[in-house]
Amino acid sequence: MATIVSESELNYSRHIKYWRRNLKTLLPHFYTSNDSNRMLLALFTVSALDILGDLDAALSPEERQGYIDWVYGCQLPSGGFRPWPGSDFGRLSTDGNKIWDPPHVPGTFFALLTLVVLGDDLGRVKRREILVWLIRMQRPEGGFGETVDEDGFIHGGNDSRFGYMATAIRWILRGDLEGPCDGVPDIDVDKFVTCVRGAETYDGGISEAPYHEAHGGFTSCAIAALSFVDRLPLTSSQKPDSAVRGITDLPLLLKWLVSRQTATLDADDGLDTLGDETDTSETCHDAHSFVKLGSFVSTQADTNMMKETTHAHFELQWVGFNGRCNKVADTCYAYWNLAPLQLLGYMDIIDQRPVRKWLLDKTQHIVGGFGKVTGDPPDMYHSFLGLMVLAMFGEPGLQDVDAALCITNRAKKHLESLSWRRQLLGQSRDQRVGLVSDKTQIDL
């Protein structure tokens, strides 16, 4: 294997400029079609600046309060948030048109996190109404949707993305308590976990629905959701319990996640290269073997198995991640595959150095931010998740982050310190205090 060359660098100042531009100026016209996702873009922006340690410098107190008020402007009187202000009829709202302006699971999730990152105490959030609405969002089989009609019909997808956001909303507003809370019944946690287990695939990943193909995004959302409801697999040091837990085959899941690493980084890697030094089992192309339907193993891989030593790839300094088998590396999938590894406690089974080098050398852009694949211009989605991965790696200059919530641990500690939440969870002052030494304490 080639020796890893000199370390690449995060262009820290350019990333700050990139995210400040997104915060302070109009976005490029390409984002027009994403206007209905404005709450998501708001979260990406403030959370990215927080990860960079620049949020306080980027915002004046007046601007911060203005953004907080804007988020609350998207809260519906009945509870829950819309994902953008465009569906707000204002004074023209009636019982007849409210079906066009419903509370929205992703919108509510992103709104709550944006408020947390901005340092709000969630005092104006209609917490009880949201928890009541959340119960209505759960389908009979255990999954969650996006919005719900007055007649109870649940709209939206039926995959782990909505389960992830619904369980996160639950965790933000009531922690990991199970059973009734403040007079509001709980979601059916067992049914949700059973729903996740039903989407596990033969090769270890988690799919959109039973019998579908495993996918990095669905897998990550499912693992994070299980962490929010405290139903991840037990470790060897934990005592067995009677709770229904997700993931029936942890080693197979870990193998699937690690197998998402690929040296296929751009379109050129997909060329027919039989006999070339780039033709190896580490890449996903092997175009010459695709024409033979019976060739389940590539020509080079078959040759490797007949030799005592394998044919190492000519260059493994850069290693990316894909979301499904036989796909090119994509910045976002570094997050979607590494987040579950971190949540499960197995981040050490991958080598972080070539992944970091791939992000910084191949998808980091000269103007700041990250592109989707090698050579692409930056966009907010990939720029945020690329930054998250580097923060998870402990990149110097970046704040440490919570892999499940996609916010800094500073912001998460702020949420956990809120008095109403501590009281709800029955926590004393001592339980919100971090010990610095035997005699010194700092109030978080």
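The following paragraphs lead through a predicted model of a protein chain, from its overall make-up to its core, its open and enclosed spaces, its aromatic pairs and a few individual residues.

The protein chain has 444 residues, of which 51% are buried. Its secondary structure consists of 17 helices and eight strands. The contacts within the chain can also be sorted by separation in sequence: among those between residues at least 6 apart, 64% join residues at least 24 apart.

The interior is a suitable place to begin. The largest nonpolar core contains 116 residues, and Trp19 and Leu338 are those with the most contacts inside it. When residues up to four places away in sequence are set aside, Leu338 touches Phe321, Met347, Ile350, Val355, Val389, Met392 and Phe393. Trp19, for its part, has a relative accessibility of 0% and therefore counts as buried, the limit being under 20%.

From the core one may turn to the spaces left between the atoms. Rolling a probe the size of a water molecule over the atoms shows where empty space is left. The largest pocket encloses about 760 Å³ of space. It is lined by 34 residues, and those closest to its centre are Leu40, Phe44, Phe110, Trp336 and Tyr381. Six elements are named as giving two or more residues to this lining: α2 (38–51), α5 (105–117), α7 (160–174), α9 (216–228), α13 (331–344) and α15 (380–392). The largest share comes from α5, with five residues. In terms of residue class, the lining of the largest pocket comprises 25 nonpolar, six polar and three charged residues.

The structure also holds three cavities of 30 Å³ or more. The largest cavity has a volume of about 40 Å³, and its lining is made up of Leu131, Leu134, Ile135, Arg170, Arg174, Pro185, Asp186 and Ile187. Two elements, α6 (127–136) and α7, each give two or more residues to this lining. The greatest contribution, three residues, is that of α6. Five of the lining residues are nonpolar and three are charged, while none is polar. Helix α7 thus appears in the lining of the largest pocket and in that of the largest cavity.

The aromatic residues offer another view of the packing. A pair of aromatic rings is described by the distance of the centres and the angle of the planes. In this model the count comes to nine aromatic pairs. One of them is formed by Tyr18 and Trp19, with 5.2 Å from centre to centre and 85° between the planes, an edge-to-face arrangement. Tyr18 has a relative accessibility of 6%, so this residue is counted as buried. The pair of Phe44 and Phe384 is stacked, because the ring centres are 4.9 Å apart and the planes stand at 25°, under the limit of 30 degrees. Since Phe44 belongs to helix α2 and Phe384 to helix α15, this pair ties together parts that are 340 residues apart in sequence. Both Phe44 and Phe384 are buried. Phe44 is also among the residues closest to the centre of the largest pocket. Elsewhere, ring pairs link Phe109, Phe110, Tyr164, Trp171 and Phe228 into a cluster; of these, Phe110 is likewise among the residues closest to the centre of the largest pocket.

Three further residues merit individual attention. Arg64 is located in helix α4 (residues 61–72). Its relative accessible area is 18%, so Arg64 falls under the 20% limit and is buried. Apart from neighbours within four places in sequence, Arg64 is in contact with Leu55, Asp56, Leu59, Val117, Leu118 and Gly119.

The other two residues share a backbone feature. Asp182, a residue other than glycine, has a positive phi near 55°, and Ile247, also not a glycine, has a positive phi of about 75°. Asp182 is placed in the loop between α7 and α8 (189–198), whereas Ile247 lies in the loop between α9 and α10 (250–258). Which of these residues is exposed, and which is buried? Asp182 has a relative accessible area of 53% and is therefore exposed, the limit being over 50%. Ile247, with a relative accessible area of 9%, is buried.

Technical notes. Residues numbered from 1 in each chain as written. Predicted model: local features only at pLDDT ≥ 70, side-chain atom pairs only at ≥ 80, totals over all residues. Heavy atoms only, no water. Core = buried A, V, L, I, M, F, W, Y, C linked by side-chain atoms within 4.5 Å. Buried < 20%, exposed > 50% of the residue type's maximum accessible area, 1.4 Å probe, protein only. Contact = heavy atoms within 4.5 Å. 1 Å grid on protein atoms, 1.4 Å probe; cavity = no way out; pocket = protein on both sides within 12 Å on 5 of 7 lines; lining within 4 Å. Points joined across faces, edges and corners; volume = space filled by probe spheres on them. Helix = DSSP H or I, 4+ residues; strand = E, 2+ residues; numbered from the N terminus. Nonpolar A, V, L, I, M, F, W, Y, C, P; charged D, E, K, R; others polar. Phe/Tyr/Trp six-rings, centres within 6.5 Å; stacked < 30°, edge-to-face > 60°.
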